[in-house]
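Colleague: Could you take a close look at one part of this model for me, the annotated binding site? I'd like to hear what sits around it.

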Amino acid sequence: MSSPERETIIALSSGALPSGVAVIRLSGPQSAVICEAMAGTLPPPRMAALRPIRDRNGLLLDRGLVLFFPGPNSFTGEDCLEFHLHGGRAVVESALNAATEFENCRLAEAGEFSRRAFENGKLDLVETEGLADLLAAETEMQRRLALEQSSGHLSAIYQKWREQLLGARALIEAELDFSDEGDIPGSVSDRIWSEMASLARDIEQVLGNLKAGEIIRDGFTVVIAGPPNAGKSSLLNALANREVAIVTEYAGTTRDVLHCELDIGGYAVHLYDTAGVRETSEPVEREGIRRAYRKMEEADLVLSLSDYASSAKQELDIPNGIPVIDVVTKIDLYTDSLPQQSTAMLISSQSGQGLDNLRSAILAELKDRTNTVSLAIPSRLRHAQHLHDAAEHIWRAVRAETDGLEIRAEFLRRAADTIGRVTGKVDVEMLLGKIFSEFCVGK
Ligand SMILES: Nc1nc2c(ncn2[C@@H]2O[C@H](COP(=O)(O)OP(=O)(O)OP(=O)(O)O)[C@@H](O)[C@H]2O)c(=O)[nH]1
Ligand SMILES: [K+]
Ligand SMILES: [Mg+2]
C-alpha cells in the first residue's frame, strides 16, 4: 500500500528513559535510505549488526544495533528499521532529531505503527484490540486473554462464521438463478436453514461468555460492606498490604468509597471499602451510606462483614442477585468461643488468620464466573453488540419462511456484514481513530 509520498514514521518504542537499551523504530519507504545514511550499508534482513550511528553531518551519536525488516514481511507491512541504542535521553533525542531531518520522515503519532499494520492487512481489528490489551495487561489472566485475541484465535472464529454466512447466501442465490419460481427444492434449503439456526446458537453461546471476558479483562469488583466498626477498612488494608484506609475505634470512620487493586490468582480484582451501614441522621454519614449501597449494586461480589462480638448481624440490605460471602471478623479476640460449624468465613485482619481462605473463596467465585473452556471469548461490548445483531439477522432469515428467498438471503448478508464489522472487514473508518488512540506512541 505504500505510495512514494507515504511518510516514514519514527518513535521510541521501548519504555521510559533512562533505560538500559532504547529501541527506536521506523516504518516507511525512507527506512533503507535513513539506515544507509546513519548506520552505513543495510544489514541483511532481520539480522542485527553493531554499527556506529551518525547524523547527516557524520557526527557520531552512539554505537548500537541496527535491524532492517524489509516489507511486506514486517510488523507494519512496510520497510521497518530498528536502532537499539543506549537508553539515555540525549542519545535518543539526538537519534530522533537526526532521522527526522530526512525528507518525509516525522515522529509517529500514538498507535500509528499498528494502524499501518491494520491498513496493510497485517492485523485485523480484533487482533489490534488484543494487542492494545496485551500492552495494558497487568495480570496473568489479562495477559492470556489478550494473547488469545491478539494472536488471531478469536478472529478465526468470527471469520469462520462470516464465511459460513456468505457460503449459505451464495448457495441460495445460485439456486435462485436456476429456479423460475424462486423456490428451492427441499433438501438444499432445509440444510441451509438448520445450519444457520445452529450458527445463531453458536454465536449466542459465545455471547454468553461476554461477562466472563469482561471480568478477566476489566477486573472483578468486590465490595466490603457491613455495620460500622465491623473491621471493613482493616480488611481492605490487610488485603492491600498497605494503609489505604483510615482505621479508628470510632464507628463511622469511613465515609467515602475507598479502593485498591489486587491480583488474586492471576485475576485483576478491584476491592472497595465502604461506609458502615446504620440508621443515622448525620448528613455526611448518610451520604457515605448512600454511596456504599450504590457501590454494592455495581459489585460482582459483596463481602458482608460482621464483628463476631456484635450479637445481631445488622440489617445490611444487599441488592438482589449479587453474590455474597459472609465474613466474621476479629476472631483473634475470641479464639476460645468460636463457632465450630459456621457457614461464614472467620478472619482476623490483625493476626492474618483466615485471610488466605478468604482469598481462595474470592478466587473460587471468580473461577466459577469465568468458567469457559477456551479464552477465545469476546471481552468488549463492541463485539457483543455486533454479534447480538448478527444472531438477530440470522434468526430473522431462518424464521421468515413465508418471505421470499431473496429477502431471507438479504438477512444473511446483513449478518455477514455485521460480523465483518467486528474484525474490520466492513466499513470501520469511524472506529479506527478510537481504537488506535488507545495505543502509546511507538506501537
Ligand atoms: N483485634 C482486632 N481488632 C480489629 C480487627 N479488625 C479491626 N479491628 C479494630 O476494630 C476497629 C474498627 O476497625 P475498622 O477497620 O475501622 O472498621 P470499619 O468497619 O472500617 O469501621 P467504619 O469505617 O467506622 O464503618 C478498630 O479499632 C480496629 O483496630 C481485628 O482483626 N482484630
Ligand atoms: K471504625
Ligand atoms: Mg472503615
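Modeller: Sure, and keep in mind that this is a predicted model. The "binding site" label comes from the UniProt annotation, an unreviewed entry, and it covers R25, E82, K122 and K443. Let me walk you through E82 and K122.

E82 first. You'll find E82 in strand 5, which runs over residues 80–87. E82 counts as buried because 21 other C-beta atoms lie within 10 Å of its own, and the cut-off for buried is 20 or more. Leaving out residues up to four places away in sequence, E82 touches V23, I24, R25 and L67. One of those contacts, R25, is itself covered by the "binding site" annotation.

Now K122. Rather than in a strand, look in the loop between helix 3 (112–119) and helix 4 (125–136). K122 has 19 C-beta neighbours inside 10 Å, so it counts as partly exposed; buried would take 20 or more. Setting aside neighbours within four places in sequence, K122 is in contact with F75, T76, G77 and A117.

For a contrast in burial, try R56, in the loop between strand 3 (49–54) and strand 4 (60–69). R56 counts as exposed because it has 12 C-beta neighbours inside 10 Å, and the exposed class takes 12 or fewer. Even so, R56 touches A37, A98 and E101, again not counting residues up to four places away in sequence. R56 and I34 are 22 residues apart in sequence, with their C-alpha atoms 9.3 Å apart in space.

How values were computed:
Residues are numbered from 1 along each chain as its sequence is written. Chains are lettered from A and ligands numbered from 1 in the order in which they are written. This is a predicted model: local features need pLDDT of at least 70, side-chain atom pairs count only at pLDDT 80 or more; totals for chains, interfaces and linings use all residues. UniProt positions are given in the numbering used here, feature names are shortened, and annotations may be inferred rather than shown by experiment. Helices (H or I, at least four residues) and strands (E, at least two) are DSSP runs, numbered from the N terminus. Two residues are in contact if their C-beta atoms, placed from the backbone, lie within 7 Å.
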